[in-house]
Structure formats: C-alpha cells, structure tokens
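Trainee: Please take a close look at one part of this model with me. I'd like to follow it outward from there, with the terms spelled out as you go.

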Amino acid sequence: MATAAIQVSVPAPVGQPDIGYAPDHDKYLARVKRRRENEKLESSLPPGFPQRLDSVLVWDGNTLAETYDWTYRLTEEDIDEIESALRHFKSLNKPLGYINQETFPLPRLHHTLRSLSHELHHGHGFKVLRGLPVTSHTREENIIIYAGVSSHVAPIRGRQDNQHNGHPADVVLAHIKDLSTTVSDVSKIGAPAYTTEKQVFHTDAGDIVALFCLGEAAEGGQSYLSSSWKVYNELAATRPDLIRTLAEPWVADEFGKEGRKFSVRPLLHYQPAAAAAASAVTAAATASGEGKPKPSERLIIQYARRTFTGYWGLPRSADIPPITEAQAEALDALHFTAEKYAVALDFRQGDIQFVNNLSVFHSRAGFRDEGEKQRHLVRLWLRDPENAWETPEALRERWERVYGGVSPEREVFPLEPQIRSASKGESVGTQGGGGY
C-alpha cells in the first residue's frame with residue numbers, strides 16, 4: 001500500500017543505536033531485555049514528577065467512544081452561516097492573511113467553536129468538526145473557510161515555513177499529500193508527510209494542530225490519536241527510568257536549518273499545579289464541567305522521531321552526537337505504548353481535526369491513492385491566547401519561531417502542495433515539526 005522506503009547511504013553518527021524511523025517491535029524487545037540484563041536501571045521518577053496523572057486528558061482509546069463523542073456535525077444552519085461568512089470575506093477584497101473572527105463572522109457558531117477550544121485545552125484534547133462542503137467550493141474558497149472557522153477556535157496562526165517561491169514570507173498553511181510520484185528526485189523528501197508510508201506517533205510544533213481533509217485515500221490513511229498523559233502513567237508505573245531519560249536533554253537533529261546542526265532539549269516537561277496557577281492557566285474540575293475551576297498541573301511531551309533517527313533524504317547527521325541506547329528504547333516505548341491506547345479516526349472529506357499538540361500524540365496509517373481518490377490534507381498550527389497552556393522554558397525559543405512576528409500582510413496560504421523547507425532532503429529549512 002505504501003511507498004517503498006528510500007535508502008540513503010549516509011554514515012550515521014559513531015555510536016548511533018540500531019534504530020530507524022519505522023519502529024521494529026522485535027528490536028525493541030531485544031533492547032529492553034539487553035538493558036535489563038546489563039544495566040542498573042533507575043527505579044524512581046525524577047524529583048517532583050507525579051506517580052500518576054489524574055485528568056480527563058488521561059484516556060484509553062480502546063474504550064473512549066463509550067464516554068466521549070468527539071465529533072461535532074455541522075447543521076444546515078451552521079453551513080448557511082459559514083457560506084455567509086465566506087461571501088462577506090470575499091467582498092472585502094483582502095489578502096487571506098486578514099482572515100479572522102471579525103472578517104469571517106460566525107455570530108451563532110462562534111459559541112460552539114469557543115466551547116470546542118475549551119475541550120481541546122481543558123477536556124479530552126481533540127475534536128472533529130464534520131460536514132464542510134468541500135466539493136461545492138474552489139481550493140481558495142475551501143482554504144478561506146478552513147482558516148475562517150479555525151480563527152474562532154484559536155485565532156493565532158503559526159509559521160510553518162519562512163520562505164515561499166524563494167522569497168521571505170510567513171507560510172501558515174502546509175499541504176499533507178503524497179508527492180513521491182510527482183517530484184523529480186524522491187531523495188529530496190525528508191518527512192513522511194509527502195509519502196504514503198505509515199507515520200509513527202509524534203507531535204508537531206505549536207499548541208493546536210488543525211488538519212482539514214480535502215480528499216480521502218482509496219484505501220487506508222486512518223488517523224490515530226493517543227493520550228500522552230496515559231502513556232506517561234503507564235511508563236511512570238512500569239519504567240520510571242524511561243521517564244528520567246525523557247526528562248533529560250536530547251540532541252535533536254536540526255539538519256542544518258538556519259545554520260544550526262542540532263538543538264538540545266528534554267522531550268518531557270512537567271509543570272506542577274502551582275506553576276500552572278502562576279501562569280493563570282486553569283481547567284475544569286471534571287469532564288462534565290461541574291465544580292469550580294482549579295489550578296492544573298501540565299505534562300507535555302514534544303518530539304518527532306525523525307529528528308533522532310532521520311528519514312529518507314534527511315538521515316541522521318553523522319557529525320552530531322548519537323542518541324543513547326536508553327533514548328532509543330524510550331523512543332520505541334513512546335510509540336508502542338501510544339499505539340496500545342490509541343483511538344482510530346476515519347478522515348472524511350470535509351472534516352477538520354483539531355488536536356492539542358501538547359497532550360495528544362498523532363500518527364497515520366499507510367495508504368493508497370488511486371484516480372480521483374487522493375488523500376489530501378491541509379494543516380494549520382494554531383494558538384488560542386484565552387486558553388493556551390504556559391509554554392515550558394525549554395520550548396519557548398521554538399514556539400517563538402512558530403508564532404513570533406507573524407503578520408497578516410506576510411501570511412501565505414499556498415494553494416498547491418509543496419515540500420516545506422524543513423522537510424526537504426537537503427541542509428536548508430526553517431521550522432521544526434513532526435511533518436504530519
């Protein structure tokens with residue numbers, strides 16, 4: 001079903017463990033056995049880290065549908081209001097960077113979309129908006145609708161690239177589509193977003209990841225989500241040494257972006273309730289919203305596996321430090337534990353999937369396109385100042401690269417698929433991210 005993986009003959013860093021982008025369960029189990037036999041593994045969590053997280057954000061995808069309906073189905077009245085907002089924005093003759101709650105007014109649907117934002121930040125961490133009439137509109141109109149509706153969920157759009165057609169720009173929209181059969185040199189592809197291959201569990205950059213389905217695959221391509229808080233609880237209970245590993249500094253390959261060979265930061269960040277209270281971030285006391293809000297602790301896992309293993313045209317750089325055997329095991333533990341508790345979402349044409357990138361991992365099944373059935377998503381990285389979580393200190397520079405200084409007049413929404421600079425198989429680029 002999926003594109004055959006490209007093998008690029010580039011030496012790995014000296015000492016790099018035997019680990020690739022695609023998780024190998026047998027190698028994972030062998031590494032677990034080897035480390036348990038040959039190493040003295042830590043039996044306690046890092047100081048201050050919780051033994052267990054108790055929150056609606058801790059969910060098991062195998063049973064989640066019994067208690068949570070994650071789909072909001074747009075009504076005819078909703079669609080009429082969206083069509084009216086589209087006509088209004090087009091009448092203004094403004095560039096797409098000026099799409100916001102005022103220029104794309106949704107007086108009735110606004111309340112629903114604000115509730116959706118609350119669910120993303122203080123509820124289960126994801127929601128699907130279903131029923132946008134994709135086939136009734138041009139590509140540009142669909143993008144206007146997508147950006148307009150999303151502005152009521154989270155009004156700030158993040159930068160996903162800072163150049164377009166060779167010129168400086170704030171590129172705020174990315175296409176997720178198989179380009180392996182259309183580009184002249186597939187070794188220039190450095191992220192699975194532009195292939196039909198399975199994508200492993202990961203996070204992108206930014207607070208909220210929004211994905212709009214313009215087209216479905218002929219087969220496969222299911223979206224999978226998994227609670228990183230559930231993953232934390234399992235690892236904290238069974239492998240506290242891996243929690244320590246995740247909370248220590250990691251060398252992430254920057255592939256030469258902006259002259260940087262690599263960056264160093266933890267994958268796991270914990271903020272106790274006191275720190276969350278200090279940043280004025282609160283959450284509902286229960287899933288039903290009963291009771292008074294209370295300060296909430298925050299646990300954030302941010303990582304893209306390819307920055308530690310490489311992928312296709314962007315193999316792990318040979319002139320940077322290798323990851324350790326403990327880190328290799330931790331990467332596989334994250335993936336396989338997330339897989340164990342994941343929920344599967346069928347992406348339908350006209351769906352927008354909103355995900356809290358700070359508390360939910362996402363992945364994708366491999367797929368096959370055929371004829372008119374072409375899987376095609378477009379992505380926004382969003383932030384809602386009203387509900388936003390406090391950004392951990394170690395992530396602030398990265399978040400600044402995404403959200404800092406983005407201006408309406410510089411915003412670009414490419415209408416056709418193209419490979420982001422950060423995902424090209426060469427040492428150039430601008431932004432990090434999982435490359436969903």
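Mentor: Happy to. Asn 165 sits in the loop between strand 4 (161-164) and strand 5 (167-171). Strands here are DSSP runs of E with at least two residues, helices are runs of H or I with at least four, and both are numbered from the N terminus. This is a predicted model, in which local features need pLDDT of at least 70 and side-chain atom pairs count only at pLDDT 80 or more, while totals for chains, interfaces and linings use all residues. Residues are numbered from 1 along each chain as its sequence is written, and side-chain values use heavy atoms, with hydrogens and water left out.

Back to our loop: Asn 165 is not a glycine, yet its phi is positive, about 55°. Asn 165 is also exposed, with a relative accessible area of 61%. On this scale, exposed means over 50% relative accessible area, buried means under 20%, and partly exposed lies in between, using a 1.4 Å probe and protein chains only.

Now follow the flanking strands. Strands 4 and 5 belong to an open sheet of three strands, ordered 4-5-24, with mixed pairing. Its edges are strand 4 and strand 24 (411-412), each of which pairs on one side only. Two strands count as paired if DSSP finds at least two bridges between them. Strand 5 and strand 24 run parallel and are joined by two bridges; in one of the pairings, Val 171 has Val 412 of strand 24 as its bridge partner. In general, strands of a sheet pair through backbone hydrogen bonds, either parallel or antiparallel.

For an antiparallel case, look at strand 11 (residues 250-253), which four bridges join to strand 12 (residues 262-265). Trp 250 stands opposite Arg 265 of strand 12. Trp 250 and Ala 252 point one way from strand 11, Val 251 and Asp 253 point the other way, and all are buried.

Another loop is worth setting beside ours. Asn 93 lies between helix 2 (76-92) and helix 3 (109-122). Asn 93, not a glycine either, has a positive phi of about 55° and is exposed, with a relative accessible area of 68%.

As a backdrop, the protein has ten helices and 24 strands, and buried residues make up 58% of its 436 residues.
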